[in-house]
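Thanks for asking me to take a look at this one. Here are my notes, point by point, to read with the structure open beside you.

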Amino acid sequence: KTQLLDLCDFSTPLPEADVVVAADVMYEPVTGRAMAQRTADALQRGSRVLVGDSPGRPGRPYFLEELKRLLPDVDAQFIDTLGTACSGPRNDLICGKGSTSVSDKPKIVPIALLDLKL
């Protein structure tokens with residue numbers, strides 16, 4: 001079962017999950033910090049957390065700094081690798097109407113992955 005969540009809205013608790021997956025959420029410092037809080041919450045209740053991020057996103061340093069503050073014993077390090085970008089139609093919430101970032105063919109892109117479990 002999957003569920004959507006506004007990671008910055010702390011009035012909504014993180015749903016119970018064996019695995020929490022977040023991808024492409026480090027666009028801003030505020031989302032990086034919020035993802036760190038959600039990651040700490042998930043780890044403390046026993047969930048595995050997988051985070052995928054594009055290298056160079058502005059929120060990643062804030063995520064790592066906040067996670068270190070919340071869970072000082074956790075060694076969170078992203079692993080740089082290559083992935084395949086999505087192709088075809090996307091929801092307007094992702095790209096916006098008329099976006100030119102939509103590709104007809106999948107392409108190889110740099111990504112970073114983080115896999116945490118306490």
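1. Start with S87. Once its neighbours within four places in sequence are set aside, S87 is in contact with S103, D104, K105 and P106. You'll find S87 in the loop between β3 and α3. A C-alpha to C-alpha check against K107 gives 8.1 Å, for two residues that sit 20 apart in sequence. Is S87 buried, partly exposed or exposed? S87 is partly exposed, because its relative accessible area is 31%, which falls between the cut-offs of 20% and 50%.

2. A word on confidence before going further. This is a predicted model, with a mean pLDDT of 89 for the chain and 88% of residues at 70 or more. Which helix has the lowest confidence, and which element has the highest? Helix α3 (residues 92-95) is at the bottom with a mean of 62, while α2 is at the top with 98. Keep that in mind when you look at the loop holding S87, since that loop runs between β3 and α3.

3. Now the overall layout. The chain has three helices and four strands, and reading along the sequence you get β-α-β-α-β-α-β. Of the contacts between residues at least 6 apart in sequence, 76% join residues at least 24 apart. Buried residues account for 31% of the 118 in the chain. The accessible surface is about 7900 Å², and carbon and sulfur atoms contribute 55% of that.

4. The helix pair to look at is α1 with α2. Two packed helices are described by the angle between their axes and the distance between the axes. Here, helix α1 (residues 29-44) and helix α2 (residues 60-70) pack at about 35°, and their axes are 7 Å apart. The crossing of α1 past α2 is right-handed. On the α1 side the contact is made by P29, G32, R33, M35, A36, Q37, T39 and A40, and on the α2 side by Y62, F63, E66, L67 and L70. Sorted by type, those residues come to eight nonpolar, three polar and two charged.

5. E65 also belongs to helix α2. Is E65 buried or exposed? E65 is exposed, because its relative accessible area is 55% and the cut-off for exposed is over 50%. Measuring in the viewer from E65 to G32, C-alpha to C-alpha, should give you 9.2 Å, with the two residues 33 apart in sequence.

6. Have a look at A76 too, in the loop between α2 and β3 (79-84). Apart from neighbours within four places in sequence, A76 is in contact with L64, L67, L114 and L116. One of those partners, L67, also takes part in the contact of α1 with α2. The C-alpha atoms of A76 and L64 are separated by 7.1 Å, and these two are twelve residues apart along the chain. Why does A76 count as buried? Its relative accessibility is 18%, and buried means under 20%.

7. D53 is the acidic residue I'd click on next. D53 is in strand β2 (residues 48-53) and counts as buried, because its relative accessibility is 3%. What does D53 touch, leaving aside neighbours within four places in sequence? The partners are M26, R60, F78, I111 and A112. L114, which is in contact with A76, is 8.5 Å from D53 between C-alpha atoms, with their positions 61 residues apart in sequence.

8. Last, a backbone point. D24 has a positive phi of about 60°, although D24 is not a glycine. D24 is in the loop between β1 (19-23) and α1. With a relative accessibility of 34%, D24 counts as partly exposed, whereas D53 counts as buried at 3%.

How values were computed: Residues numbered from 1 in each chain as written. Predicted model: local features only at pLDDT ≥ 70, side-chain atom pairs only at ≥ 80, totals over all residues. Heavy atoms only, no water. Helix = DSSP H or I, 4+ residues; strand = E, 2+ residues; numbered from the N terminus. Buried < 20%, exposed > 50% of the residue type's maximum accessible area, 1.4 Å probe, protein only. Contact = heavy atoms within 4.5 Å. Areas by Shrake-Rupley, 256 points an atom, 1.4 Å probe, with all protein chains shown as cover. Axes fitted to C-alpha atoms, helices over the stretch in contact; angles between N-to-C directions. Left-handed = near helix turned anticlockwise from the far one by under 90°. Nonpolar A, V, L, I, M, F, W, Y, C, P; charged D, E, K, R; others polar. pLDDT = per-residue confidence, 0-100.
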